[in-house]
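Hi,

Here's the structure I promised to send over. Have a look at it first, then read on for what turned up when I went through its empty spaces.

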Amino acid sequence: MDLAAFRALEPLCWRAPSAHNTQPWRLRYEPGAIHVGWHPAHTLPAADPTGRDLRLSLGAFVETCLIVAADAGLRLEYVADHDERHRWVGRLRPARCRYPTPFRTTDVWERRTDRGHFAAGPARDTLAAVDAVARQAGGGVRAVPYPDRLGALLRAADRRLYADPAVVAELRRWLRLDPTHPDYHTDGLNDRCLALSRTASAGLRAVLAAYPVLRPLGLPTLLAAADDPLARGGAVLVLVGPADLDRPGQVEFGRVLLRVWLALHTTGLAAHPLSQLIDVATTRTALGALLDVAPDRLLHVARVGRPKRPAPRSARRLG
């Protein structure tokens, strides 16, 4: 295996998506294989206690590595070898053929999470195409049929999460609301990617700094009501997995998620994750009822549409 060739491509692989842009993945190079794992300091134990988002992001990273390698002419394959104790999910190793994929490195590089305004949601044929991508792995992609009910669910989920001091502390750790922050260009959620004005960014910093005092006075309710992403257009899509999906299976569906996102990107669409809807048990159950799907099969939720203007590129620790 030409490890040097893949090392040169690694910064491109780090364009994979992750919750709060923590970029948890780690690569360990060994003769004949590259182990894929994660760093515990870049996980979200409060906001992601089950590790679902972590495993989805690791799968998305694996898929990104395979796409980038294939586009460069490198022949790699992924072998799952999930080990929670040692924090590894599998390894990349030499293969006889290049990984078959319709996507290119340019798709990986240009895909962006977009929290801005959308002119329109996905067309019916696009929905059918991304659903087919997920169905090949035993899942599906569903559009929420009653979007008018989502606003109340989203506010309830935000209110529940903002009421949890551990979740808010974790969020503050990964917010980069001032360009002078030492990690502003490295990781986390910066003000530009959150589509915040300077005034809004300064206000959020002040409010979160006073969280211990303001929380008993109703701050979680105010924060939940302060923003309505659904008002910025688009449709809400849900990635549905097979029943009884285990942890290695969630990593595999992270690969599916990345393929879905890239398929949307190649049609000019972008996604804005709304995972809080399935992070809170009550709203997860309600969303499952809207879709007539068992709640534990809901893996990812995102607002999807055609951006009115290009979104800023999020920071990365490499490249």
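The second largest cavity holds about 60 Å³ of space. Keep in mind as you read that this is a predicted model. Around that cavity you'll find S18, A19, T22, P24, H42, T43, L44, D48, D53, L54 and S57. Sorted by class, that lining comes out as five polar, four nonpolar and two charged residues.

How many cavities of 30 Å³ or more are there? The count is two, so let's turn to the largest one, by the definition of a cavity as a spot where the probe fits but cannot get out. Its volume is about 90 Å³. The lining of the largest cavity has 11 nonpolar residues, one polar residue and no charged ones. Among the residues that line it are V141, L257, W261, A271 and H300. Which elements each supply at least two residues to this lining? They are strand 8 (235-240), helix 10 (247-266) and strand 10 (298-305). Helix 10 gives the largest share, with four residues.

Now for the pockets, which are open. The largest pocket contains about 1,500 Å³ of space. It is lined by 50 residues, and the closest to its centre are H20, R115, L189, L194 and H272. Several elements give two or more residues to this lining, including helix 5 (150-162), helix 6 (165-174), helix 7 (198-209) and strand 9 (270-273). Helix 10 is on that list too, and you've already met helix 10 in the lining of the largest cavity. If you want to know where the largest share comes from, look at helix 2, which runs from 52 to 71: it provides four residues of the largest pocket's lining. By class, the lining of the largest pocket splits into 29 nonpolar, 11 polar and 10 charged residues.

Last stop: the second largest pocket, with a volume of about 310 Å³. You can trace its lining through D114, R115, G116 and H117, then R192, C193 and A195, and finally K308, R309, P310, A311 and P312. R115 is worth clicking on, as it lines this pocket and is also among the residues closest to the centre of the largest pocket. What classes do the residues around the second largest pocket fall into? Five are nonpolar, five are charged and two are polar.

Shout if anything is unclear!

Cheers

Key:
Residues are numbered from 1 along each chain as its sequence is written. This is a predicted model: local features need pLDDT of at least 70, side-chain atom pairs count only at pLDDT 80 or more; totals for chains, interfaces and linings use all residues. Side-chain values use heavy atoms; hydrogens and water are left out. On a 1 Å grid over the protein atoms alone, a cavity is a set of points where a 1.4 Å probe fits but cannot get out, and a pocket is an open set with protein on both sides within 12 Å along at least five of seven lines; lining residues have an atom within 4 Å of a point. Grid points are joined across faces, edges and corners, and a volume is the space filled by probe spheres set on the points. Ala, Val, Leu, Ile, Met, Phe, Trp, Tyr, Cys and Pro count as nonpolar, Asp, Glu, Lys and Arg as charged, and the others, Gly among them, as polar.
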